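Hi everyone, thanks for making time for this. Could you bring the model up on your screens so that we can walk through it together?

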Amino acid sequence: MSASRLQAEATGAGDGLAMLAPRQDQTATGNQAAVRRMWWQRLCLSSFLVGAVTILIVWVAVTSLLRQGRLESVLSAGRAELAAPLLVALVVATGICERIWPAERRPVLARGHVQDVCFLALHAIVVIPLMTLLSVGAATLISSHAPWIELRATGHWPGWLLVPLTVVAMDGANWLAHYADHRLGPLWRFHALHHSQEELSVLTSFRAHPLMHTTGFLLATVPVVALMPAHPIAPVLITIYVCIGTLQHANLRWTFGPVGRVLVSPAYHRLHHAPDTQDVNLGVVLTIWDVLAGLAQFPSRADAVGRTGLDGRPVPVEQDGTSGSALLLLAEQLAEPFQAPG
């Protein structure tokens, strides 16, 4: 082979390598871009938006209370309302009734009970202060940016009329928030954790993602600010309201008889936790909103006890037998809404 031919072939090979190098660089850059896209795709941005709104409301509450020097006293008052001895006594008494007259018989240390105890601890440490601050922050924002909503004329109404009307209106707002939780995807991602429980008990009332409460407190604050702008609802009424809302998750067949046509009973609410009937019985304390919306299904004590939970287990649950410690599973359940659906 001639020297000129060898030189030509060497030159051609060099040119080929020179052309290959940019292609390899482009491929590497493309792979990095794909990794970046995959990282973003693994996040549910709407859940982060809900988190951002929650942080904003809490920040408004904290800054307002700090200016007034009332942060500690308000948090203490909220704790007294939402963790009152009456509520503690109700949970203990209901737990005893669940052992005597259970709708479903199961061990005391059933996996669902153990996991819900973890949520109870989270509720006491994180959720109660969060609820209190959401209430204050929402009221502050509404009063500052929509003062026209305050009905000053109600200040002359008798308390026997104004207080029950406000509580009923607040329950209607909570119903609307619950309805939205089931109809709007970004809100359902947080609410699904509550519905994932397959071993319903009174402790399931506390099985909720902290960010699930944002919509409810925003909406429920509106009628309170509108109807009672100058006087807060008596703490004991809030405690009683919370107690009734807690009892509905009990592992009991109780229908409350004729009263169950007005107040949400454990049997009534259990139908809402069935995998195939979650679009009915959305009432929080009162059934009237379900009746008005045509979404009420009243149970009978003779009805069979149906299963609860979510088909396909889209949320990590303790009953699948593959979960590790309860605390690790808790972290996975709290992180799940921020992950994009597979």
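I'll talk about how some of the helices pack, then about the nonpolar cores, and finish with one glutamate. Please keep in mind that this is a predicted model.

Let's start with helix 4, residues 85-100, and its neighbour helix 9, residues 235-247. How do helix 4 and helix 9 pack? Their axes are 9 Å apart, at an angle of about 20°. Since anything under 35 degrees counts as roughly parallel, helix 4 is therefore roughly parallel to helix 9. The crossing between helix 4 and helix 9 is right-handed.

If you like to select side chains, here is the contact. From helix 4, pick Leu86, Leu87, Leu90, Val91 and Thr94. They meet Thr239, Ile240, Val242, Cys243, Thr246 and Leu247 of helix 9. Sorted by type, the contact has 8 nonpolar residues, 3 polar ones and no charged ones.

Now to the cores. The largest nonpolar core has 16 residues, and those touching the most other members are Leu82, Met170, Met228, Ile233 and Ile238. Two or more residues of this core come from each of helix 5 (111-145), helix 6 (159-183), helix 8 (213-227) and helix 9. There is also a second, separate core of 10 residues, with Val91, Cys97, Cys243 and Leu252 among them. You have already met Val91 and Cys243 in the contact of helix 4 with helix 9.

Let's go back to Ile233 for a moment. Which residues does isoleucine 233 touch, leaving out those up to four places away in sequence? They are Thr166, Val167, Met170, Val224, Met228 and Ile238.

Next, helix 7, residues 185-195, is mostly covered, with 8 of its 11 residues buried. The buried ones are Leu187, Arg189, Phe190, His191, Ala192, Leu193, His194 and His195. So you'll find an arginine and three histidines there, if you follow along by name.What covers those buried residues includes helix 2 (45-68), helix 5, helix 6, helix 8, helix 10 (266-272) and helix 12 (326-335).

Last, the glutamate I promised. Glutamate 98 sits in helix 4. Is glutamate 98 buried or exposed? Its relative accessibility is 9%, and because buried means under 20%, glutamate 98 counts as buried. Beyond its sequence neighbours up to four places away, glutamate 98 touches Ser201, Val202, Ala250, Asn251 and Leu252. Take alanine 250 from that list: glutamate 98 and alanine 250 are 152 residues apart in sequence, yet 7.1 Å apart in space, C-alpha to C-alpha.

That's my tour, and I'm happy to take questions.

Terms used
Residues are numbered from 1 along each chain as its sequence is written. This is a predicted model: local features need pLDDT of at least 70, side-chain atom pairs count only at pLDDT 80 or more; totals for chains, interfaces and linings use all residues. Side-chain values use heavy atoms; hydrogens and water are left out. Helices (H or I, at least four residues) and strands (E, at least two) are DSSP runs, numbered from the N terminus. Buried means under 20% relative accessible area, exposed over 50%, partly exposed in between (1.4 Å probe, protein chains only). Contact means heavy atoms within 4.5 Å. A nonpolar core is a set of buried Ala, Val, Leu, Ile, Met, Phe, Trp, Tyr and Cys residues joined through side-chain atoms within 4.5 Å. Axes are lines fitted to C-alpha atoms, for helices over the stretch in contact, and angles run from 0 to 180 degrees between N-to-C directions. Angles under 35 degrees count as roughly parallel, over 145 as roughly antiparallel, 65 to 115 as roughly perpendicular and the rest as oblique. A crossing is left-handed if the near helix is turned anticlockwise from the far one by less than a right angle, and right-handed if clockwise. Ala, Val, Leu, Ile, Met, Phe, Trp, Tyr, Cys and Pro count as nonpolar, Asp, Glu, Lys and Arg as charged, and the others, Gly among them, as polar.
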